[in-house]
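Please open the model in your viewer and keep the sequence panel beside it. The tour below moves from one selection to the next and says what to look for at each stop.

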Amino acid sequence: MPPTESSAKKRGAPVGHPGWFRPTQAEFDWEIKVPAPKRCPHCKASTRVLANVDPGQHLQEDIVEGVYRVVLYRHPACRCDACDCLVERPGRGELLNSRIGPNLRAKAVYLRNVIGISYRKVPRAIEELFHIRFTPAALNGFESCLADLAQPIVQDIVKKLSSSDGAVHADETYWTLDGERAYYWVHGDEKFIHFQFDTSRAGVVSRNLLGDDFTGTLVTDCYSGYFAHVAGAKQKCLAYIARTARDWQKLTSEGTADYQFFENIREFVSRGCRLHRQRQSGKLTKKKMATEKAWLEARLEYLATCDNEHEKAVTLQGRLLRHYSEWLVFVDDARVPPTNNLAERSLRPMVVLRKITFGHRSEGGAQRMATLMSVSETARRHGHRASDIYFELLTRPPNKVLERLYSGN
């Protein structure tokens, strides 16, 4: 008998199962009197204080300077002259209508999405360290709220990357969504990192992100999904073919032409990467640069046309020919590196998380992680702690958070 619509839903709490409610604190450490808002947060009209109505009280538990604190916020009764709503403004470090403060929320989300601790273990860790209790379901709510607030930041990161005329790196790694194969994509440069979750590995995912007007240099491996990508230029990862040559060289006999072909590939990559490092450090003269460029171009032409017999050597030579104009773009543009190391390093935390968490059970959770990690990695590249930016998102407008994020202080 096929399951009915009602039986397909997730099981709720058993009948008679007691609910969990946060106990109201009888004592508090601080009392903060919050001034009345001068303008209505809804319609921006003027407000008036109701002197004959008792102030409202809001108890909030949080981690303040590394210590568990209970803060009492007192709000004067205030009404909007236009919409006639009762209004109030948040005090310093306050989240209206929330029993859990922004510091704790930011730290809990950091432990879950950046460090990779499971939903059940994060509350246990927080309780052990700070003596505050909350449920895994509450942590899920913290994530949802913060991910929604982070959307303007993520959209701005995408805008910055798609309008770049420099090098933008791209890569992808597999993920698991409720037992099925899915993928995390990363696009980024030295200042901005963007993660995207998708069930598809098709190149259109990357093309939709950077757009049809991308004029920068796209740095990738040899995955065919990037072949149709519109870009000002494309640089293929030299480290990728060096690793391939190292692995496939073991299948050939030393002293053969195929063995030497793989050895020449590795030498070609080594000299190309050394040129980039010396140029970045200012130790490369114009004469040396011209000499190295000529050698690299001549060696690439030789590697693409020399005779090979081993199946793996022929395959690797075919890749050189397929992307012939995309191996030495970095020589003429100092902003472009010869490898895709930046994207690979950015994806490494996702690989670790995949081994720890075994993926996600819902697409919403995977999307939230992509959003929150985009913010945390971009924050780190601008000299900020991720939990500090999470706190800012919970307590300040998005435009102010953007100013703080990009200021580097």
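Which residue stands opposite tryptophan 185 in strand 7? Select glutamate 172, since that is the residue standing opposite tryptophan 185. Before going further, note that this is a predicted model, in which local features need pLDDT of at least 70 and side-chain atom pairs count only at pLDDT 80 or more, while totals for chains, interfaces and linings use all residues. Residues are numbered from 1 along each chain as its sequence is written, and side-chain values use heavy atoms, with hydrogens and water left out.

**The sheet**

Show strand 6 (residues 167–177) together with strand 7, and you will see them pair in the antiparallel sense over 9 bridges. Helices (H or I, at least four residues) and strands (E, at least two) are DSSP runs, numbered from the N terminus, and two strands pair if DSSP finds at least two bridges between them. Now widen the selection to the open sheet of 5 strands, whose order is 8-7-6-9-10 and whose pairing is mixed. Strand 8 and strand 10 stand at the edges with a single partner strand each, so one side of each has no neighbour in the sheet. From one strand to the next, the twist averages 25°. Add helix 12 (residues 363–381), which packs on the sheet and touches strand 6, strand 7 and strand 8, its direction making about 170° with that of strand 8; contact means heavy atoms within 4.5 Å, and axes are lines fitted to C-alpha atoms, for helices over the stretch in contact, with angles running from 0 to 180 degrees between N-to-C directions.

**Aromatic pairs**

Next, display the aromatic side chains: a search of the whole structure finds 7 aromatic pairs. Rings of Phe, Tyr and Trp (its six-membered ring) pair if their centres lie within 6.5 Å, and planes under 30 degrees apart count as stacked, over 60 as edge-to-face and the rest as tilted. Return to tryptophan 185 and add tyrosine 226: the ring centres are 6.2 Å apart and the planes stand at 80°, so this pair is edge-to-face. Because tryptophan 185 lies in strand 7 (residues 180–188) and tyrosine 226 in the loop between strand 9 (217–220) and strand 10 (233–236), the pair ties together parts that are 41 residues apart in sequence. Tryptophan 185 and tyrosine 226 are both buried, where buried means under 20% relative accessible area, exposed over 50% and partly exposed in between (1.4 Å probe, protein chains only).

Move on to phenylalanine 192 and tyrosine 406, an edge-to-face aromatic pair with 5.5 Å from centre to centre and 85° between the planes. Phenylalanine 192 lies in the loop between strand 7 and strand 8 (193–198) and tyrosine 406 in helix 14 (residues 398–407), so here the parts tied together are 214 residues apart in sequence. Phenylalanine 192 is buried, with a relative accessible area of 12%, whereas tyrosine 406 is partly exposed, at 25%. One aromatic cluster can also be selected, formed by Trp175, Tyr184 and Phe197.

**A buried cysteine**

Where does cysteine 222 lie? Look in the loop between strand 9 and strand 10; at 15% relative accessibility, cysteine 222 counts as buried. Leaving aside neighbours within four places in sequence, cysteine 222 is in contact with Tyr240, His323 and Trp327. Draw a distance from cysteine 222 to arginine 319, and the C-alpha atoms are 7.7 Å apart although the residues are 97 apart in sequence.

**Two crossing helices**

Select helix 3 (residues 136–149) and helix 13 (residues 386–395), whose axes come within 9 Å and cross at roughly 80°. Helix 3 and helix 13 are therefore roughly perpendicular to each other, given that angles under 35 degrees count as roughly parallel, over 145 as roughly antiparallel, 65 to 115 as roughly perpendicular and the rest as oblique. Cys145, Leu146 and Leu149 of helix 3 make the contact with Tyr390, Leu393 and Leu394 of helix 13.

**Backbone stops**

Finally, select asparagine 97, in the loop between strand 5 (78–80) and helix 1 (102–115), where phi is near 65°, a positive value in a residue other than glycine. Asparagine 97 is exposed, with a relative accessible area of 75%. Histidine 131, in the loop between helix 2 (121–130) and helix 3, has a positive phi of about 65° although it is not a glycine, and at 63% relative accessibility histidine 131 counts as exposed.
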